[in-house]
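Let's take a walk through this structure together, with an eye on how charged side chains pair up and how helices pack.

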Amino acid sequence: MVETDSRVKKSLLNARVNLIFYFLTLLLSFFSRKIFLDTLGADFIGLTGTLYNLLASLNLAELGIATAISYVLYKPLFDHDEPKIIEIVSVLGYLYRWIGLIILVAGIILSAFLPLIYPDTKFDYALIYFAYYSFLASSLIGYFINYRQNLLAADQRNYVVAAYFQTSNIVKILIQMTSAYYTGSYWIWVSIELIFGIGYSFILNWKIDQTYPWLKIELREGRRLFRKYPEVARLTKQLFVHQINGFAQFQTTPLFIYAFVSLRIVAYYGNYTLITDKMFQLLNAMLSSTSAGVGNLIAEGNREKTESVFWELTGVRFWIGGILFFVFFLLMDGFISFWLGSEFLLSKAILLILLVKIYIQITTDSMGQFIYGYGLFADVWASVVQTVVFLVCAGVGGCVWGVSGIIAASAISTFAIVGVWRPYYLYSRGFKLPVMNYWKKWVVFNVLNASSMLMGYCVVALLTRFFPHSTFLEWTVYAVTTSFVYIVISFVMFYLFIDSTRMLLKRFVR
């Protein structure tokens, strides 16, 4: 009972800190995006975005080691076995040192091809190389210095990382905005990015030393200890394939858009994903803080309780997924127009496909939490299939339909594997229950969302007559009213027909 109380308290603390910083950074992100586009230009924003995506490909060398280590840490953290924790984190430090060296060499090699990647750019290659190596240096800090932050995440203390990282990020963006507004200098903007990456590292490690004064890492012992934990190597090999799939799904989309459309459209697409990413951050602020708690819960071995919590979290994600789909479809274009201008709008078809993809991601995220908690990474073939399906569909779709085809490729591959295969995998290997239990509830959740959207649309259509939205103030009133109407309708539907919703509400109130 004490462990359960502690798990819930840590989850709530993580959620509270994440929410506080989420709202602090929300308006700042939109305001800074506007300033950066006006002062630095869409081409520069597209350039930095593609550079980040290129460097993300190098992070595949991480192989999923952090996830494997987190899984191995759940049990000793539950048992408060400090010597074993020190050994496991020492293994992580040893592996990350080698990975950092590999990424450094690969990054230097990749930099030789930058003139081929950006053949007709208007930017000076000195600037491109400066930005590239600054971003590379910031990435390498995580491998050589910040690797111990993985212990904080596994120990449900991610609020420590969030507090220091987000504070540093807010100050960094404010300085970058000031610099961009008064100087318009690309060089200063990139320099600030690098300086704050280094400064954050020193502050974070000082806090880790305070939190775990007993954590004395021996990197030299890492190689010997690595043999002591063969499960790390086994899980890492499996997770590497999953890492490749994650990269293909999320990091190559802007690269496909750049290849088949243009660098400017990458920035336009980035405006939309900035909004959706902020909503993902809000959702993660509320629910991702439970990930380590899920691993801790599974370590207890109570299968009934574990499945019950799974449906509580899944129900919340279906409810929120429906809200975001409905609200974004009605309000996204208006917000983009008032925020940046109507010239930055993408087509309604692109928006619809993007929202379908997001809905699939949101409603299946809780499944990923429990699959990771059980350590079910052996289905590497599924990730290979998902990657191949995405790459083929994105290539064909990009040629024929442009941006719409590329985003649709991600939605199709995600639903085929994450939406269809992973429920079977979790239920057969984790819960050890019939998968039809999942599909019956899945149908109910989607019917409730579809019914709520139909009722919500009918009500909003009537309200539109009384809420014109030709000015930003009128649009704000309309947006708040529309969102409130749908949230009430969908909540009533879920409360009436879903047991796990009522259970979660009682837990939240208590």
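Start with a charged residue, D38: its relative accessibility is 53%, so D38 counts as exposed, the cut-off for that class being over 50%. Keep in mind as you look that this is a predicted model.

What does the side chain of D38 meet in a salt bridge? The partner is K34, with 3.6 Å from N to O. Both D38 and K34 belong to helix α1, which covers residues 2-39. The two sit 4 residues apart, which is about one turn of the helix. K34 has a relative accessible area of 25% and is therefore partly exposed, since that class lies between the 20% and 50% limits. In general, side chains of opposite charge can pair when their charged atoms come close.

How many salt bridges does the structure hold? There are 6, and the pair in α1 is one of them. Another joins the side chains of K172 and E193, at 3.1 Å from N to O. This pair links distant parts of the chain, as K172 is in helix α8 (residues 158-182) while E193 is in helix α9 (residues 186-211). In sequence, K172 and E193 are 21 residues apart. Are these two residues buried or exposed? Both K172 and E193 are buried.

Now turn to D365 and R317, which form a salt bridge whose closest N and O atoms are 3.7 Å apart. D365 lies in helix α16 and R317 in helix α15, so this pair ties together parts that are 48 residues apart in sequence. R317 is buried because its relative accessible area is 2%, and the limit for buried is under 20%. D365, at 30% relative accessibility, counts as partly exposed.

That salt bridge brings us to the two helices themselves. Helix α15 spans residues 303-339, and helix α16 spans residues 348-374. They pack at an angle of about 165°, and their axes are 10 Å apart. That angle makes α15 roughly antiparallel to α16, because angles over 145 degrees fall in that class. Which way do they cross, left-handed or right-handed? The crossing of α15 past α16 is right-handed. Sorted by class, the residues in the contact of α15 with α16 are 18 nonpolar, 7 polar and 4 charged.

To retrace the path, we went from a pair within α1, through a pair linking α8 and α9, to a pair tying α15 and α16 together.

Definitions and conventions
Residues numbered from 1 in each chain as written. Predicted model: local features only at pLDDT ≥ 70, side-chain atom pairs only at ≥ 80, totals over all residues. Heavy atoms only, no water. Axes fitted to C-alpha atoms, helices over the stretch in contact; angles between N-to-C directions. Parallel < 35°, antiparallel > 145°, perpendicular 65-115°, else oblique. Left-handed = near helix turned anticlockwise from the far one by under 90°. Nonpolar A, V, L, I, M, F, W, Y, C, P; charged D, E, K, R; others polar. Salt bridge = Lys/Arg side-chain N within 4 Å of Asp/Glu carboxyl O. Buried < 20%, exposed > 50% of the residue type's maximum accessible area, 1.4 Å probe, protein only.
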